[in-house]
Amino acid sequence: MDIETRQPAAHVFVVLLHKAQDQLAAYSAAAVRAGVDEALVKVAAVQATAVIELARAAVELARRDPTLDADQVLLAVLPGEETRP
């Protein structure tokens, strides 16, 4: 008899969200240290906000419909996509 055991873990999209947030913080700090124009840092922050919003939407969709695979979730939350589950 095979016994399958699982450990509780964060959803893959939550893990990716946290990784993106950590990378943004590291890149922003490095850019400021390197003397990059503050406007470029603000643009990166706006882009990161958009990525985080997409990640949150993906997590919410994955929670609502766990039968969707990752590709379906990502395609559903991308702007301009016509088909949404």
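Let's start with the lining of the largest pocket: its residues divide into eleven nonpolar, no polar and no charged. Please keep in mind that this is a predicted model. Who are those residues? Phe13, Leu16, Leu17 and Ala20 are among them, and so are Val51, Leu54, Ala55 and Ala58. Leu74, Val77 and Leu78 line the pocket too. As for the elements, H1, H2 and H3 each give two or more residues to this lining. The pocket has a volume of about 170 Å³.

Let me pick out one lining residue, Leu16. You'll find Leu16 in helix H1. Is Leu16 buried, partly exposed or exposed? Its relative accessible area is 46%, so Leu16 counts as partly exposed, because that class sits between the 20% and 50% cut-offs. If you'd like a distance to try on the screen, go from Leu16 to Lys42: they are 26 residues apart in sequence, and their C-alpha atoms are 22 Å apart in space.

Now, on to the core. Which residues make up the largest nonpolar core? There are ten in all: Phe13, Val14, Ala58, Val59, Leu61, Ala62, Leu68, Val73, Ala76 and Val77. Three helices each supply at least two of the core residues, namely H1 (12–33), H2 (38–64) and H3 (70–77). H2 provides the largest share, with four residues.

That brings us to H2 itself. How far apart are the end C-alpha atoms of H2? They are 39 Å apart, and this agrees with expectation, because 27 residues at 1.5 Å a residue should span 39 Å. If you're doing that sum in your head, remember that the expected span uses one less than the number of residues.

Along H2, the buried residues are Val41, Ala48, Ile52, Ala55, Ala58, Val59, Leu61 and Ala62. And what do the buried residues of H2 pack against? They pack against H1 and H3. Have a look at Ala58 while you're there: Ala58 is buried in H2, belongs to the largest nonpolar core and also lines the largest pocket.

For contrast, let's finish with Glu38, another residue of helix H2. Glu38 has a relative accessible area of 53%, so it is exposed, the cut-off for that being over 50%. One last distance for you to find: Glu38 and Ser28 are ten residues apart along the chain, and 9.7 Å separates their C-alpha atoms.

Conventions. Residues are numbered from 1 along each chain as its sequence is written. This is a predicted model: local features need pLDDT of at least 70, side-chain atom pairs count only at pLDDT 80 or more; totals for chains, interfaces and linings use all residues. Side-chain values use heavy atoms; hydrogens and water are left out. A nonpolar core is a set of buried Ala, Val, Leu, Ile, Met, Phe, Trp, Tyr and Cys residues joined through side-chain atoms within 4.5 Å. Buried means under 20% relative accessible area, exposed over 50%, partly exposed in between (1.4 Å probe, protein chains only). Contact means heavy atoms within 4.5 Å. On a 1 Å grid over the protein atoms alone, a cavity is a set of points where a 1.4 Å probe fits but cannot get out, and a pocket is an open set with protein on both sides within 12 Å along at least five of seven lines; lining residues have an atom within 4 Å of a point. Grid points are joined across faces, edges and corners, and a volume is the space filled by probe spheres set on the points. Ala, Val, Leu, Ile, Met, Phe, Trp, Tyr, Cys and Pro count as nonpolar, Asp, Glu, Lys and Arg as charged, and the others, Gly among them, as polar.
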